[in-house]
Amino acid sequence: MKIFRRCYLFFAYLFLYGPIFVMIGYSFNDTKLRGVWAGFTGRWYLNLFQNQEILTSFYYTLITALVATLISVLLGTITSLGYYFLKKPHQAILINLNQLPVFNPDIVTAIGLMSIYQLMHLRLGLFTLILSHVVFCTPYVILSILPKLKQLNPRMIEASLDLGATPLQTLSKVVIYQIKPGILSGALMSFTLSLDDFVISFFTTGSGVSNLSVSLYSMAKKGIDPSMYALSTIMLVLVFVLLFIINKKFDGLHWS
């Protein structure tokens with residue numbers, strides 16, 4: 001039975017992480033053909049910085065993810081605080097409404113946003129792309145912050161005000177400090193979702209502006225440039241480094 005559990009765990013991890021290792025291997029493969037190993041090379045990493053299409057897509061991806069994350073975290077934090085101080089019946093209704101975009105299929109959200117932009121005569125481009133990412137990232141930020149707010153002891157807020165702190169000081173030094181792990185989790189989730197999104201980006205961006213997922217879809221029709229594997233590998237390493245730094249920095253915080 002113990003061997004069966006270990007085998008099951010091994011194949012589960014192999015299924016989850018196997019494609020990632022295959023992609024890393026392709027980034028060092030000295031051929032554009034998939035399924036054929038032609039020797040080790042690092043030229044795709046050098047070609048990456050000479051491929052203007054990929055670099056431009058990466059630029060738009062990064063700008064969109066950063067701006068959308070900042071706005072989503074700000075809106076999500078303010079909204080979560082508003083939910084927390086509402087009465088129970090109203091709070092439950094709004095929380096359920098917040099979950100609709102989470103469970104709603106991306107294709108429905110994408111078509112809905114595209115229809116609104118056309119109705120408002122907005123030109124599809126970077127602005128509509130960022131706005132769309134804010135729309136679908138904010139509910140996830142709220143869902144990350146609300147559990148931390150529910151763990152917050154209301155007496156701490158009362159004690160802070162009784163000891164002479166202003167409402168703004170109480171908010172920044174007591175409430176925000178206590179829910180900081182939830183805010184950080186929401187920011188990471190928002191950033192990851194924005195980097196990963198394809199469907200909403202495809203329907204809400206215009207010509208000349210595309211993120212990596214849309215560019216990769218276009219490349220798939222004529223053959224994926226191995227430089228894209230190199231870029232994906234670099235991004236994967238950066239994510240691991242970022243998670244390591246965050247875990248070290250917040251090692252003393254209680255995340256549950």
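Before we start, a word on terms: when I sort residues by class, Ala, Val, Leu, Ile, Met, Phe, Trp, Tyr, Cys and Pro count as nonpolar, Asp, Glu, Lys and Arg count as charged, and the others, Gly among them, count as polar. I will come back to that sorting when we reach the pockets. Please also keep in mind throughout that what you see above is a predicted model.

Let me begin with the overall picture. The chain has 256 residues, of which 36% count as buried, and its secondary structure comes to twelve helices and zero strands. If you read along the sequence, you therefore meet the pattern α-α-α-α-α-α-α-α-α-α-α-α, where helices are runs assigned by DSSP and numbered from the N terminus. The C-alpha trace spans about 70 × 60 × 35 Å along its principal axes.

I would like to turn next to the pockets, and to the largest one to begin with. It holds about 920 Å³ of space, and of the 22 residues in its lining, those nearest the centre are L195, S232, M235, L236 and V239. Two or more lining residues come from each of helix 1, helix 3 (52-84), helix 9 (180-196), helix 11 (212-222) and helix 12 (226-249). Which helix gives the most to this lining? That is helix 12, with nine residues. Sorted by class, the lining of the largest pocket has 18 nonpolar, three polar and one charged residues.

The second largest pocket has a volume of about 210 Å³, and ten residues line it, with L66, T69, A187, L188 and F191 the closest to its centre. Helix 3, helix 9 and helix 12 each supply at least two residues of this lining. Here the sorting that I gave at the start is needed again, and it divides the lining of the second largest pocket into nine nonpolar residues, one polar residue and no charged residues.

Besides the pockets, there is one cavity of 30 Å³ or more. Its volume is about 40 Å³, and it is lined by Y26, N29, T31, K32, L33, R34, P226 and Y229. By class, that lining has four nonpolar, two polar and two charged residues.

From there I move to the salt bridge, of which the structure holds one. It joins the side chains of R43 and D30, with 2.8 Å from N to O. The two partners are 13 residues apart, and the pair links distant parts of the chain, since R43 sits in helix 2 (residues 43-48) while D30 sits in the loop between helix 1 and helix 2. Are these partners buried, exposed or partly exposed? R43 counts as partly exposed because its relative accessibility is 34%, and D30 is likewise partly exposed, with a relative accessible area of 31%.

Now let us look at the surface, and at helix 1 in particular. L9, Y13, F15, L16, Y17 and F21 make a nonpolar surface patch of about 730 Å². One of these residues, F15, lies in helix 1 (residues 2-26), and with a relative accessible area of 69% F15 is exposed.

I have three single residues left to show you. The first stop is I93, which is in helix 4 (residues 88-103) and counts as exposed because its relative accessibility is 53%, when over 50% is what exposed requires. I93 and Y83 are ten residues apart in sequence, and their C-alpha atoms are 9.9 Å apart in space.

The next stop is I145, in helix 6 (residues 126-150). Is I145 buried or exposed? I145 is buried, with a relative accessible area of 0%. The C-alpha atoms of I145 and I130, which are 15 residues apart along the chain, are separated by 22 Å.

The last stop is H121, in the loop between helix 5 (106-119) and helix 6. As a general point, most residues other than glycine have a negative phi. The phi of H121, however, is near 60 degrees, which is a positive value in a residue other than glycine. H121 is also exposed, with a relative accessible area of 72%.

To close, I would ask you to keep two things in view as you look at the model: the chain comes to twelve helices and zero strands, and helix 12 gives the most to the lining of the largest pocket.

Terms used:
Residues numbered from 1 in each chain as written. Predicted model: local features only at pLDDT ≥ 70, side-chain atom pairs only at ≥ 80, totals over all residues. Heavy atoms only, no water. Patch = residues over 30% accessible without salt bridge, like charges linked within 9 Å, V, L, I, M, F, W, Y side chains within 5 Å. Areas by Shrake-Rupley, 256 points an atom, 1.4 Å probe, with all protein chains shown as cover. Salt bridge = Lys/Arg side-chain N within 4 Å of Asp/Glu carboxyl O. Helix = DSSP H or I, 4+ residues; strand = E, 2+ residues; numbered from the N terminus. Buried < 20%, exposed > 50% of the residue type's maximum accessible area, 1.4 Å probe, protein only. 1 Å grid on protein atoms, 1.4 Å probe; cavity = no way out; pocket = protein on both sides within 12 Å on 5 of 7 lines; lining within 4 Å. Points joined across faces, edges and corners; volume = space filled by probe spheres on them.
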